[in-house]
Amino acid sequence: MVEAAHNVRILGSGETTVVLGHGFGTDQSVWRYLVPHLVDHYKVLLYDNMGAGTTNPDYFDFDRYETLDGYAYDLLAILQEFNVQKCIFVGHSLSSMTGAIASVFRPDLFSKLIMIAASPRFLNSGDYLGGFEQADIDQLCNGIESNYKSWVTGFAPLVVGGDMDSMAVQEFSRTLFNMRPDIALSVFRTIFTFDLRPFLASVTVPCHIVQSSNDLAVPVHVAEYIRQSVGGKSIVEVMNTDGHLPQLSSPEIVIPVLLRHIQQDIADK
């Protein structure tokens, strides 16, 4: 059931398992450039978050996925189903925080978390600058409700940091269009209303925080905020890339960085 529901695929072979979790509006295909570099040395587990266009929309439980806990429990169920005793978890955006939550529930299952474009809170509040005001989010939600197709056409280039002709923007548009609009709206609301800041201190698994230097959705200082807030070892690497999906838009820069973080642990100070 878990395997089919999340389109789980296991590729490659190796002692170490690398699990890849994708963010909002994408599916496991977002890892297309990374996977070929992993399969010779690692066992690679790919899956789709419930609600992605590749999953059965009938399985999407609007209450369960109102918080990121639902996604974290899904991840733990997948690891259990495939008897993964320990893994390196690479999470993008939404999934970076999903992995963090799952690692608090079951720290024994994770040797490290590699977080790409991660944010514990997208909304500005007090002296914390997450990047968005509530009015921005309301406007984006209204756009999804009123004309999803038109919204995607505007949103994809902004988030990816490219024009409509770019391969990465076309790819992100394709996976966004695959989502059912009511599910997209629900997931979008969940992401932009969560506040995981109080929870970061409970994350004791080593965190490798990888961030674009120019990301509309996540200001660079948020990566440093996460580094200082988590309870275990952590490191930040800011890449000279644009956009929120650098693994798709700038793979030639991002893939070597990810491989290095997968291969190397954070040195003891």
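Which residues form one aromatic cluster with Phe-24 and Phe-122? The views below are of a predicted model, and the second of them gives the members.

**View 1. Phe-132 and Phe-192 form an edge-to-face pair.** The count of aromatic pairs in the structure comes to 16. In the pair shown here, the ring centres of Phe-132 and Phe-192 are 5.2 Å apart and the planes meet at 75°, so the geometry is edge-to-face. Phe-132 belongs to the loop between strand E5 (110-116) and helix H5 (134-146), and Phe-192 belongs to helix H8 (residues 181-193), so the pair ties together parts that are 60 residues apart in sequence. Phe-132 is buried, at 10% relative accessible area, and Phe-192 is buried as well, at 7%.

**View 2. Phe-155 and Phe-188 form an aromatic pair within the cluster.** Their centres lie 6.0 Å apart with 75° between the planes, an edge-to-face arrangement. Phe-155 is in helix H6 (residues 148-160) and Phe-188 is in helix H8, 33 residues apart, and the pair thus links distant parts of the chain. Phe-155 has a relative accessibility of 10% and counts as buried; Phe-188, at 0%, is also buried. The cluster consists of Phe-24, Phe-122, Phe-132, Tyr-148, Trp-151, Phe-155, Phe-172, Phe-188, Phe-192 and Phe-194. Both pairs described so far therefore belong to this one cluster: Phe-132 with Phe-192, and Phe-155 with Phe-188.

**View 3. Arg-197 places its charged end over the ring of Tyr-128.** The distance from the charged end of Arg-197 to the ring centre of Tyr-128 is 4.7 Å.

**View 4. The largest pocket is lined by 16 residues.** Its volume is about 190 Å³. Nearest the centre of the pocket lie Phe-155, Val-159, Phe-192, Ala-217 and His-244. Two of these names recur from the aromatic views: Phe-155 is paired with Phe-188, and Phe-192 is paired with Phe-132. H6 and H8 are the elements that give two or more residues to the lining of this pocket. H6 gives the most, with three residues. By class, the lining of the largest pocket has 13 nonpolar and three polar residues, and no charged ones.

**View 5. The structure has one cavity of 30 Å³ or more.** About 70 Å³ of space lies in the largest cavity. The cavity is lined by 13 residues, and Asn-49, Met-50, Ala-52, Met-179 and Val-187 are the closest to its centre. Seven residues of this lining are nonpolar and six are polar, while none is charged.

**View 6. Cys-87 and Cys-207 are buried and unbonded.** Cys-87 has a relative accessibility of 1%, and Cys-207 has a relative accessible area of 0%. A disulfide is a covalent bond between the sulfur atoms of two cysteines. The cut-off for calling one here is a sulfur pair within 2.5 Å. For Cys-87, the closest cysteine sulfur is that of Cys-207, at 13 Å, which is too far for a bond. From the side of Cys-207, the closest cysteine sulfur is that of Cys-87, again at 13 Å and too far for a bond. The structure holds zero disulfides.

Note on methods. Residues are numbered from 1 along each chain as its sequence is written. This is a predicted model: local features need pLDDT of at least 70, side-chain atom pairs count only at pLDDT 80 or more; totals for chains, interfaces and linings use all residues. Side-chain values use heavy atoms; hydrogens and water are left out. Buried means under 20% relative accessible area, exposed over 50%, partly exposed in between (1.4 Å probe, protein chains only). Rings of Phe, Tyr and Trp (its six-membered ring) pair if their centres lie within 6.5 Å; planes under 30 degrees apart count as stacked, over 60 as edge-to-face and the rest as tilted. Helices (H or I, at least four residues) and strands (E, at least two) are DSSP runs, numbered from the N terminus. A charge sits over a ring if NZ of Lys or CZ of Arg is within 6 Å of the ring centre and within 35 degrees of the ring normal. On a 1 Å grid over the protein atoms alone, a cavity is a set of points where a 1.4 Å probe fits but cannot get out, and a pocket is an open set with protein on both sides within 12 Å along at least five of seven lines; lining residues have an atom within 4 Å of a point. Grid points are joined across faces, edges and corners, and a volume is the space filled by probe spheres set on the points. Ala, Val, Leu, Ile, Met, Phe, Trp, Tyr, Cys and Pro count as nonpolar, Asp, Glu, Lys and Arg as charged, and the others, Gly among them, as polar.
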